[in-house]
Amino acid sequence: MTTTIDKQATQASWAKAIAKPATEFPLTQLSIVSGKIPANLKGSLYRNGPARLERGGMQVGHWFDGDGAILAVHFAEGQARATYRYVQTEGYLEEEKANKLIYGNYGMTATGSWWQRFGKTSKNVANISVLALPDKLLALWEGGLPHALDLETLETYGLENLEGLDHKRSYSAHPKRDPQTGEIFNFGVSYGKNATLNLYRSDRNGKLIKKNQANLQGLPMIHDFVLAGDYLIFCVPPLRMNPFPILLNLQSYSDSLAWKPQEGTEILVFDRHNLELVSRNIAEPWFQWHFGNGYSDRDGNLVFDLIRYSDFATNQFLKEVATGKIKTPAKGTLWQIRLNPQTGEFLETSQVLDRGSEFPIVASAQVGENSRYTYLSVHRSEDQQTELFDAIARYDYQTNTVTEADLGTNRYPMEPLFAPDPTNPNKGYIITVVFDGDRECSEVWIFDSDRLDAEPVCRLALPSVVPMGFHGTWRS
Ligand SMILES: [Fe+2]
C-alpha cells in the first residue's frame, strides 16, 4: 500500500520541504548569510534522511521509506563546502531506471502483481544515520548492511560488511563510539521463529573484533541502545511483529507491529567487553526511539536518559509526516532512569522535562560517561504536537534548566549535532540544518554550544532544499 499526499499538506510550512524529491548538488562553496565561520571549526558534518518520498506519481507509505540522501559540509580555514547525494543503493538504481516504486519497505508493500512482488519485500534505503570511519562514511539503515561512501564526494562504493558481517545481517543505525578507545559498539536484530539480538564490537576502523547473540521474547523492534561505562543497555519495547502477512506481501512491517503493553519492556544489560549477558528483567511498558547517554555512577549503578512515549502512536505520527499533514499527536519527553546492572532492576525512574522532545545527543567526548548537558529538538510551544520540531534546546542536569534556541516562525531544525572545539572537547558548537518554510530554502546554522539563546555564530546558505531527516555526525 502507498499513501497519497494530502492536498492541504501545503498548509503546513514544513511539508514544503518534502513535497517533491530533493535535488542533489556537487561540492559547492557555501555563501554566508550572517556571521562568520569560526576559525577553529575544522571537520565535516554529515546528515542522512529520506529525500525522495515519491517516484513516478507513487507515494511511499511511511516517512521511513524514502530513499536516503546525505549532506556533507566540509569546514576548513573559515570556509565551508557542501555536497548532497542520494545513496546509490541497488533498489534506488532499479527504481530510478523503472521510474516507479517497486519494493516494499517499513511502511509499504511491494507494488505490481503478486508474482512481480515476489522477493521484493524490502529495499535497503540507507536513510537513517551515518558513521564516519577513517577511510569511508557508512550510510546506516537498521534492516540491512550499511553502504560505504567516499568521505569527501559521497560517491557510493557499495555494501559494507565490516570484515565479518554476513550479507543477511543488519547493522543498526545507532552505533556508539567509546571516546577513549575509539571502539564502536552496535547491534542488529535478525528474525526467524524467534528474534535474535546480535551484538557487535569493532575497532576504531570499524573492523569487527567481537560478536555475540541473545534470544529475545517474540519478534520485537529495537532502534537504539545505551553505552554506559562498562555496559550496554537495551530496553526492548512491547511491540510484537506478525511475520506472515509480511512474507506474503499482504502487510507492511509497520502495519504488522502490535502494541502489547501487557508484555512490559524487556531490559537486557551486557558486559561491553565480552558482550556477555549480565542481567535481564521486565519493566513497565513504554516506547522509545532514542536514548541520550548513559554512565556508570560512583555506586556502580547505571544512569541513562531517553525520550519516552507512553505508547506507539509516534509510529502513526511519523507515517503521517510523509503525507504532509499530521493528525496524530505523539508526545515524547525526556526521562532519566537509574538501573542496577547486576539485577536489571530500576532503582529510580523520573521524567526530567515535560516538553515534547526528540533527538537527544551529547558531546561525542562524553558518550558512555557522565555528561552535564543533553541537547534536544523541541517544540516552541505545547500546542504544536502535530507539527515537526521547530526549536533546539540544551538541558543542564546540574541546574535543571533549559536553554533554548528560538529560530523564529516556520523554521524547522534537524537534530542538533555537537562539533567540539579542538582545544577543549567539552566546549564547541551546535550545528543544525534549518528548513525555512517561508523562503523555501535550507541553511546550516552554527551556535556556540554555551550560548544557544544568542544569535547563531554563523548561517550558511545551501544550494537547494535539504529536507528534514533523521541523524548525522561530526567528524573532526
Ligand atoms: Fe534514530
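Along the chain, the donors of the iron ion follow the spacing H-x48-H-x66-H-x180-H. The model is predicted. This briefing covers the iron site and then helix α1.

**Iron site**

- Four histidines act as the protein donors of the iron ion, each through NE2: His174, His223, His290 and His471.
- These donors lie 2.0 to 2.2 Å from the iron ion.
- The angles among the 4 donor atoms run from 91 to 167 degrees, and the site is irregular.
- The site does not count as tetrahedral because that would require all angles to lie between 85 and 135 degrees, whereas the angles here reach 167 degrees.
- Distant parts of the chain are linked by the pair His174 and His290, which are 116 residues apart.
- His174 sits in the loop between β11 (156-159) and β12 (176-177), while His290 belongs to strand β22 (residues 287-296).
- His174 is buried, its relative accessible area being 9%.
- His290 is likewise buried, with a relative accessible area of 6%.

**Helix α1**

- Helix α1 spans residues 90-98, and its buried residues are Gly91, Tyr92 and Glu95.
- Viewed down the axis of α1, these buried residues fall within an arc of 100 degrees, so they line one face of the helix.
- Glu90 and Lys97, on the other side of α1, are exposed.
- The cover over the buried residues of α1 includes the strands β4 (54-55), β6 (67-76) and β7 (79-86).
- Asn99, just after α1, adopts a positive phi of about 55 degrees.

Note on methods: Residues numbered from 1 in each chain as written. Predicted model: local features only at pLDDT ≥ 70, side-chain atom pairs only at ≥ 80, totals over all residues. Heavy atoms only, no water. Donors = N, O, S within 2.8 Å, 3.2 Å for Na, K, Ca; no water. Tetrahedral: all angles 85-135°; square planar, octahedral: opposite > 155°, others 65-115°. Helix = DSSP H or I, 4+ residues; strand = E, 2+ residues; numbered from the N terminus. Buried < 20%, exposed > 50% of the residue type's maximum accessible area, 1.4 Å probe, protein only. Arc of directions from axis to C-beta. Contact = heavy atoms within 4.5 Å.
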